[in-house]
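Trainee: I should like to understand how the terms used for a structural model are justified. May we take them one at a time?

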Amino acid sequence: MNILALETSCDDTSIALIHGEDETITLTSQVHASQIDLHAVYGGIVPEIAARAHTEVIPLLLKQIYDPHNPPDAIAVTSGPGLITSLIVGVETAKTIAAIQHIPLVRVNHIEGHIYANWIHARSAITFPALALIVSGGHTELLFMKHHLEYQKIGATVDDAAGEAFDKVGKLLGLAYPGGPKISKLAEMGDPRAIQLPRPMIDSNDFQFSFSGLKTAARYYIEKHKELLDEKNVRERADFCAGFETAIIDVLAHKTYKAVLAYQPKTILLGGGVAANKKLRERFTSIIQEKTESTIILPEINLCMDNAAMIGSAGYFKARANQFSIWNEVVADPNWEL
Ligand code: KG4
Ligand code: ZN
């Protein structure tokens, strides 16, 4: 089955063609336009600028990748959660193509897309039950899946998402948005034990997360150690970043490990932009391999950040399960919860 997929939930415009066969997803082609430079000066995403940029670029990207004479079996589009002004561009474009060309339409939840990134070129078979940790700029969620497309949310952040904490602390250090990849790059040269930051809720008796206290502790630490603001102090900045990154990874790894013990999944899946973090990937791989019977699957690094291929992957499984939507009933839903 061939799927055309569109993702415009935040600041990336992405269109992909994927091929699904049984449990295997192959990425046929993908085009992408990043808006990072447009938003960098504001230190975060400006919804109106994001919407305009999606609108300008989407016909150009479609023209590059899509041949209307060779239509796909279905179109998959992210219809939530995300910025309403951004979502609407992808949703209305997908509806237009679906309506004019009589192609079935599937609406995909963005978090569902991050989960299904794991199926694209997966190195081993993904078996259920599965436990997924989704860590992105907007979400930190632990989801238990007994079967395809069935989600039981067992934990989530009560305040900031993990990626949001990376980005906000990055901003305090004068790093351009998104701060996550820059902090992790600096952390490579640092000593993770040089400074101690809190690990909020690490021992709480549930699977909830909290990163706002860590962010505040990081802010106080930076205010007290002004030398961290000077780029010349590479050693100090690297140590700080390594300490901060390790605090986040400790919490994510510990909570996920506890959930693995409680739910005994056959497979652990990781997803979302923060899943591109090398240290996080290494920690998860070692804990799961050494301490549990489960198998760990990681999405390819370039499929962790927002992309349309992951939406196509989820769209394939939904189309296979006949979960289509009538095109004129599909609306962008910024608060769509799985
Ligand atoms: O999934 P994504 O592209 O967008 C959302 O759905 O939010 O995730 C973006 C987030 C940003 O917060 C970014 O800083 C973070 O992923 N991120 C990282 C890394 N790469 C991206 N955080 C830590 N380490 C990384 N290597
Ligand atoms: Zn995302």
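Mentor: The following exchange sets values against definitions.

Mentor: This is a predicted model, in which local features need pLDDT of at least 70 and side-chain atom pairs count only at pLDDT 80 or more, while totals for chains, interfaces and linings use all residues. Residues are numbered from 1 along each chain as its sequence is written, chains are lettered from A and ligands numbered from 1 in the order in which they are written, and side-chain values use heavy atoms, with hydrogens and water left out.

Trainee: What makes the contact of R52 with E48 a salt bridge?

Mentor: A salt bridge requires a side-chain nitrogen of Lys or Arg within 4 Å of a carboxyl oxygen of Asp or Glu. The closest N and O atoms of R52 and E48 are 3.0 Å apart, so the pair qualifies. By this rule the count comes to 18 salt bridges.

Trainee: Why are R52 and E48 separated by about one helical turn?

Mentor: Because they are four residues apart in helix α2, residues 47-65. Helices here are DSSP runs of H or I with at least four residues, strands are runs of E with at least two, and both are numbered from the N terminus.

Trainee: Why is R52 called exposed, and why is E48 called partly exposed?

Mentor: Buried means under 20% relative accessible area, exposed means over 50%, and partly exposed lies in between, with a 1.4 Å probe and protein chains only. R52 has 53% relative accessibility and therefore counts as exposed. E48 has 48% and therefore counts as partly exposed.

Trainee: How do you know that D230 and K232 form a salt bridge?

Mentor: Their N to O distance is 3.8 Å, and the limit is 4 Å, so the pair is accepted. D230, at 31% relative accessibility, is partly exposed, whereas K232, at 70%, is exposed.

Trainee: Which residues are joined into one network by salt bridges that share partners?

Mentor: The network consists of D160, E164, K168 and K215. K215 is found in helix α7.

Trainee: Why is K215 described as buried or exposed?

Mentor: K215 has a relative accessible area of 16%, and therefore counts as buried. Its side chain also makes a polar contact with the side chain of D160, at 2.8 Å. A polar contact is a pair of N or O atoms within 3.5 Å; within protein, one must be able to donate a hydrogen and the other to accept it, and residues adjacent in sequence count only if both atoms are side-chain atoms.

Trainee: What makes H110, H114 and D306 donors of the zinc ion (ligand 2)?

Mentor: Donors are N, O and S atoms within 2.8 Å of the metal (3.2 Å for Na, K and Ca); water is not among the atoms, so sites may look incomplete. H110 (NE2), H114 (NE2) and D306 (OD) coordinate the zinc ion at 2.0 to 2.1 Å, so they meet the criterion. Their spacing in sequence is H-x3-H-x191-D. H114 lies in helix α4 (residues 110-116) and D306 in the loop between β10 (295-297) and α10 (308-320), so the pair ties together parts that are 192 residues apart in sequence. Both H114 and D306 are buried.

Trainee: Which residues are closest to ligand 1?

Mentor: They are H114, G137, D167, N277 and D306, and 20 residues surround the ligand in total. A residue is near a molecule or strand if one of its heavy atoms lies within 4 Å of it. An oxygen atom of ligand 1 is 2.6 Å from an N or O atom in the side chain of D167, and a nitrogen atom of ligand 1 is 3.0 Å from one in the side chain of N277.

Trainee: Why is the aromatic pair of Y116 and F317 called tilted?

Mentor: Rings of Phe, Tyr and Trp (its six-membered ring) pair if their centres lie within 6.5 Å; planes under 30 degrees apart count as stacked, over 60 as edge-to-face and the rest as tilted. The structure holds eleven aromatic pairs. For Y116 and F317 the centres are 5.1 Å apart and the planes at 35 degrees, so the pair is tilted. Y116 in helix α4 and F317 in helix α10 are 201 residues apart, and both are buried.

Trainee: What makes the pair of F240 and F244 stacked?

Mentor: The planes are at 5 degrees and the centres 6.5 Å apart, so the pair is stacked.
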